[in-house]
Amino acid sequence: FDVHDFTPMFFSILGSTEASQTQGKLNELNSKWNNLLAKAEGRQGELEDALREAQAFNAEIQDMLSWLNDVDSALSTSKPVGGLPETAKDQLDRFMEVYLELEKTSPKVEDLLGRGNEYLKKSKDGAAANLQNNLRTLKSRWDNILTRANDKKIKLEIALKEATEFHEALQAFIDWLTNAEKTLANLKPVSRVLETIMTQIEEHKEFQNEVSSQRETMLSLDKKGTHLKYFSQKQDVILIKNLLVSVQHRWEKVVSKSAERTRALDYGYKEAKEFHEAWEFLCGWLDNAAIELQDMSNINKNDPAKIKKDIERHKEFQKELSGKQPMYDSICKNGKTLQTKAPKPDEPVIKQMLVELKNKWLNVCNLSVEKQRLLEQALLLSGQFKDALKGLMDWLNKMANAMDDKGPVHGDLDTVMSLDEKHKGFIAELEGRTEQVDTIKQTAEDLLKTADKEDSVKIKAQVI
């Protein structure tokens with residue numbers, strides 16, 4: 001439509017002098033119209049640009065929502081956590097890739113929301129309902145995913161921490177078990193020397209205290225392992241279960257062997273204590289007896305009554321010494337039995353104790369015989385021929401009965417050796433009596449020189 005096309009018509013209609021004014025108005029109209037057309041075209045361009053921008057922005061929002069849907073699906077996939085440090089760390093590392101991508105996307109989401117809000121401000125009320133809804137959906141979905149991602153991150157970090165702590169504690173306990181097993185395997189045999197076994201008992205008490213202190217560790221590991229088994233992956237559960245079963249079995253063996261060692265030490269201590277106390281008691285008694293017997297200078301050689309009292313007292317001592325014979329034999333037998341049970345390092349110690357006891361015993365026996373002989377000799381020298389002769393005859397009769405050939409001399413090695421020792425002691429005592437017998441014979445000869453016929457017969461009969 002062009003105004004110039006109607007010019008002739010206007011001119012013909014008006015045909016007046018106002019044609020020039022009309023022409024001016026038409027020119028003005030044409031100019032405004034052209035200006036309007038130009039603005040319309042500009043507005044058309046702006047609207048088309050706005051449409052493209054809106055479409056691009058909406059596409060960005062849809063792309064973001066689509067990506068968030070993918071992330072949401074990944075977060076919704078719930079798998080059991082790793083029960084092993086390697087599995088738990090691998091899970092956390094793989095999730096952190098998604099989490100870091102979320103962190104990188106955060107500025108983009110914030111930018112979309114910001115731009116969307118700017119668009120909303122420029123729009124008339126109700127003109128951008130769809131955009132507002134999309135922005136609300138984006139904000140809600142983003143916040144929800146961030147919350148769930150943080151929760152899952154915390155969950156996986158806790159799983160890694162628990163798995164790491166459990167397996168570190170388990171490994172530390174396995175190391176302790178290995179050392180405990182080595183300790184039990186390298187234990188020295190139970191000693192039968194009192195001082196040594198007491199040291200062994202103290203050392204084992206310390207070990208037992210350590211075992212007792214580890215009981216809580218074992219219970220804690222079992223509790224943590226059970227917790228992990230409920231929430232961990234199947235393949236991890238099988239491994240954790242096998243590890244716990246193995247550790248439990250080894251723990252029970254350590255406890256059992258420790259208890260066995262305790263019983264063995266208690267039994268060994270009882271044997272060692274009984275032997276040592278009996279040995280110590282008899283050695284002390286023999287030492288005191290030896291001190292009393294060694295001083296022979298106090299034997300009275302002139303007072304027959306005093307000598308007789310001394311002889312009676314000495315007989316009481318000899319009875320007491322004879323009463324100690326079963327104890328002596330028992331200690332020697334127990335000592336030899338202990339030597340067979342005791343470890344090799346104990347053998348020379350126990351053997352030396354037995355040698356020391358034997359020497360003390362023989363020394364006291366010899367001193368006793370010597371004192372008996374000296375007392376009877378003193379009695380004889382004091383003129384008490386009859387009493388001295390009676391004492392000697394009593395001894396001879398006693399020894400004659402002991403030398404009865406019908407008496408048993410067989411038995412186990414210890415019994416035969418004991419009989420042999422006693423017989424050697426008898427031979428030594430017999431040899432010690434030779435001088436006494438010779439003295440009595442000589443005294444008898446001296447008495448026969450001055451005795452009457454009746455006394456001479458009696459004295460000869462006694463000597464014979």
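Select Trp251 to start: at a relative accessible area of 5%, this residue is buried. The model is a predicted one, and the stops below follow its aromatic rings.

Next add Trp176. Its relative accessibility is 11%, under the 20% cut-off, so Trp176 counts as buried too.

Show both side chains together. The structure holds six aromatic pairs. Trp176 and Trp251 form one of them, with 6.2 Å from centre to centre and 45 degrees between the planes, a tilted arrangement. Colour the helices to see what this pair connects: Trp176 belongs to helix H4 (residues 129-185) and Trp251 to helix H6 (residues 234-294). The two residues are 75 residues apart, and the pair links distant parts of the chain.

Keep that view and add Phe173. Phe173, Trp176 and Trp251 make up one aromatic cluster.

Now stay on helix H6 but move to Trp285, and select Phe317 with it. Both residues are buried. Their ring centres are 5.8 Å apart and their planes lie at 5 degrees, under the 30 degrees limit, so this pair is stacked. Trp285 is in helix H6 and Phe317 in helix H7 (residues 304-323), 32 residues apart, so here again the pair links distant parts of the chain.

With Trp285 still selected, add Lys324. Lys324 lies over the face of Trp285, 4.9 Å from the ring centre.

The last stop is a lysine over a tyrosine. Select Tyr99 and Lys153: the charged end of Lys153 sits over the ring of Tyr99, at 5.5 Å from its centre.

Note on methods
Residues are numbered from 1 along each chain as its sequence is written. This is a predicted model: local features need pLDDT of at least 70, side-chain atom pairs count only at pLDDT 80 or more; totals for chains, interfaces and linings use all residues. Side-chain values use heavy atoms; hydrogens and water are left out. Rings of Phe, Tyr and Trp (its six-membered ring) pair if their centres lie within 6.5 Å; planes under 30 degrees apart count as stacked, over 60 as edge-to-face and the rest as tilted. Helices (H or I, at least four residues) and strands (E, at least two) are DSSP runs, numbered from the N terminus. Buried means under 20% relative accessible area, exposed over 50%, partly exposed in between (1.4 Å probe, protein chains only). A charge sits over a ring if NZ of Lys or CZ of Arg is within 6 Å of the ring centre and within 35 degrees of the ring normal.
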